Structures are given as C-alpha cells and as structure tokens.
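Trainee: I should be grateful for a close look at a single part of this model, followed by an account of how that part sits within the whole. Please begin with one residue and work outwards from there.

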Amino acid sequence: MSHALTRTEARWNEKAIGALAVLAALPNVLGMINLSTPWGFQIHVFQAAIFLAALLLGRWAGLIAGAAGSLYAAVAMGNPFILVGNAALGFFTGHFSGKGFRPVAAAMLAFAIQLPWLAVTDHFLMGLSWSFIGGLAVSLAASNLLWAVAAAWAAGPLKRSLGC
C-alpha cells in the first residue's frame, strides 16, 4: 500500500540520513561559538543546524538535532534541561514548517513554545535570576531570528541537493 508524502515527511535516503547525522552533531561544535555584540549580549550559533534539520527533514529530525546537538551545552553548563528545550525548538520548527508556516515564522513560533520551558527550568531548577534569564531570552531571540533567516535561505538548495 502506497501513501503520498506529506509536507512534513522527508524522503529518507543515504544523503538525508547522512545530513541528519551531521546536523545532529554539528550543534555541539557550534555550541562552543558565541559571538559578542555591541549591545551586550551574545549571538549563539548552534541553532542554525537545528533549524536546518527541522526545515530539511521535518519535526522528528529537528527533535533529534535539538536533543543530540545540545549534549555539549548541557554537560558544559550542568543543565540537562537544555536537551528538552532544544529538542522542542527543533520539533516545533519542523512541525510549524510542515503546516505551511514560512521558515522564520516557524522557528520563532517554536522559540515562543521553548521560552517558558527555558524560563521555568532555568529559574526554579537551575537557580538563575530572572534578570539573567531576561538577557538570555533577548540573546536567544536575536540568535534564533538570525539563524532562522540563514537556515531558510539555505534549506531550498540543500533540499534539492539531498533529494529529500
């Protein structure tokens, strides 16, 4: 019995599986890079790979890239809740994109879902101050917007190249 692919399902082939493996590992490397801004916050780089996985391969690939790609950050910061937050970021970016939302809107909606998790776990479970969390939210919003635009730009050509 054959069924048609929906917008949220990728055609899995060797290239797509290889791309997922790279996009799941890459955020761990990118997580070591933070770009300082003149406004006093940092641009985080790791989201680019999570967004690409979600936009190219769908919500489950976004979830895998978000969770696996957060291992370094979770260990380095002693914050295991990062894994769930970034898994949600990837999953919901892929979910909203698959529902027809433009990539940047999908990523920012996913961030809006991730943000309460981040605020609650960082404050109540990790003991971070609300002022620190507010600054982190601004930093992540700027980072997510930047990398969502970059991922949206790159997703089309990469999707054609991967055949998915």
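Is Ile-17 buried or exposed, and what is its relative accessible area?

Mentor: Ile-17 is exposed: its relative accessible area is 52%, and the term applies to values over 50%. The model is predicted, and every value in this account is computed from it. Ile-17 is found in helix 1, which spans residues 14–30. In sequence, Ile-17 and Leu-162 are 145 residues apart, yet a separation of 9.5 Å is found between their C-alpha atoms. Leu-162 is the final residue of helix 7, which covers residues 130–162.

The setting for this pair is a protein chain with seven helices and two strands. Read from the N terminus, the order of the elements is α-β-β-α-α-α-α-α-α. For 164 residues, a compact globule would have a radius of gyration near 15 Å, and the value of 16 Å for the protein chain agrees with this. Along the principal axes, the C-alpha atoms fill a box of roughly 55 × 30 × 25 Å. Of the contacts with a separation of 6 or more, 65% join residues 24 or more positions apart.

Whereas Ile-17 is exposed, 45% of the 164 residues are buried. Helix 2, residues 47–57, has 11 of its 11 residues buried and is therefore largely enclosed by the rest of the structure. Among these buried residues are Gln-47, Ile-50, Phe-51, Ala-54 and Leu-55. The surroundings of the buried residues of helix 2 include helix 1, the element that holds Ile-17, together with strand 2 (42–44), helix 3 (59–68), helix 5 (81–98), helix 6 and helix 7. Just beyond helix 2, Gly-58 has a positive phi of about 100°.

Two packed helices are described by the angle between their axes and the distance between the axes. For helix 2 and helix 5, the angle is about 40° and the axes are 8 Å apart. This crossing is right-handed. Helix 2 contributes Gln-47, Ile-50, Phe-51, Ala-54 and Leu-55 to the contact, while helix 5 contributes Asn-86, Leu-89, Gly-90, Thr-93, Gly-94 and Ser-97.

Helix 7, the element that ends with Leu-162, also packs against helix 6, residues 103–125; their axes cross at roughly 155° and come within 10 Å. Helix 6 is therefore roughly antiparallel to helix 7, since angles over 145 degrees are classed in this way. The crossing of helix 6 and helix 7 is right-handed. On the helix 6 side, the residues in contact include Phe-111, Gln-114, Leu-115 and Leu-118; on the helix 7 side, they include Leu-140, Ala-141, Asn-144 and Leu-145.

Gln-114 offers a useful counterpart to Ile-17. Gln-114 lies in helix 6 and, at 6% relative accessibility, counts as buried. Apart from neighbours within four places in sequence, Gln-114 is in contact with Gly-85, Asn-86, Leu-89 and Asn-144. Among these partners, Asn-86 and Leu-89 also belong to the contact of helix 5 with helix 2, and Asn-144 is one of the helix 7 residues that meet helix 6.

Finally, the surface to which Ile-17 belongs may be considered as a whole. The protein chain exposes about 8600 Å², of which carbon and sulfur atoms supply 72%.

Notes. Residues are numbered from 1 along each chain as its sequence is written. This is a predicted model: local features need pLDDT of at least 70, side-chain atom pairs count only at pLDDT 80 or more; totals for chains, interfaces and linings use all residues. Side-chain values use heavy atoms; hydrogens and water are left out. Helices (H or I, at least four residues) and strands (E, at least two) are DSSP runs, numbered from the N terminus. The radius of gyration is taken over C-alpha atoms; the globule rule is 2.2 Å times the number of residues to the power 0.38. Buried means under 20% relative accessible area, exposed over 50%, partly exposed in between (1.4 Å probe, protein chains only). Contact means heavy atoms within 4.5 Å. Accessible areas come from the Shrake-Rupley method with a 1.4 Å probe; for residues, only the protein chains shown count as cover. Axes are lines fitted to C-alpha atoms, for helices over the stretch in contact, and angles run from 0 to 180 degrees between N-to-C directions. Angles under 35 degrees count as roughly parallel, over 145 as roughly antiparallel, 65 to 115 as roughly perpendicular and the rest as oblique. A crossing is left-handed if the near helix is turned anticlockwise from the far one by less than a right angle, and right-handed if clockwise.
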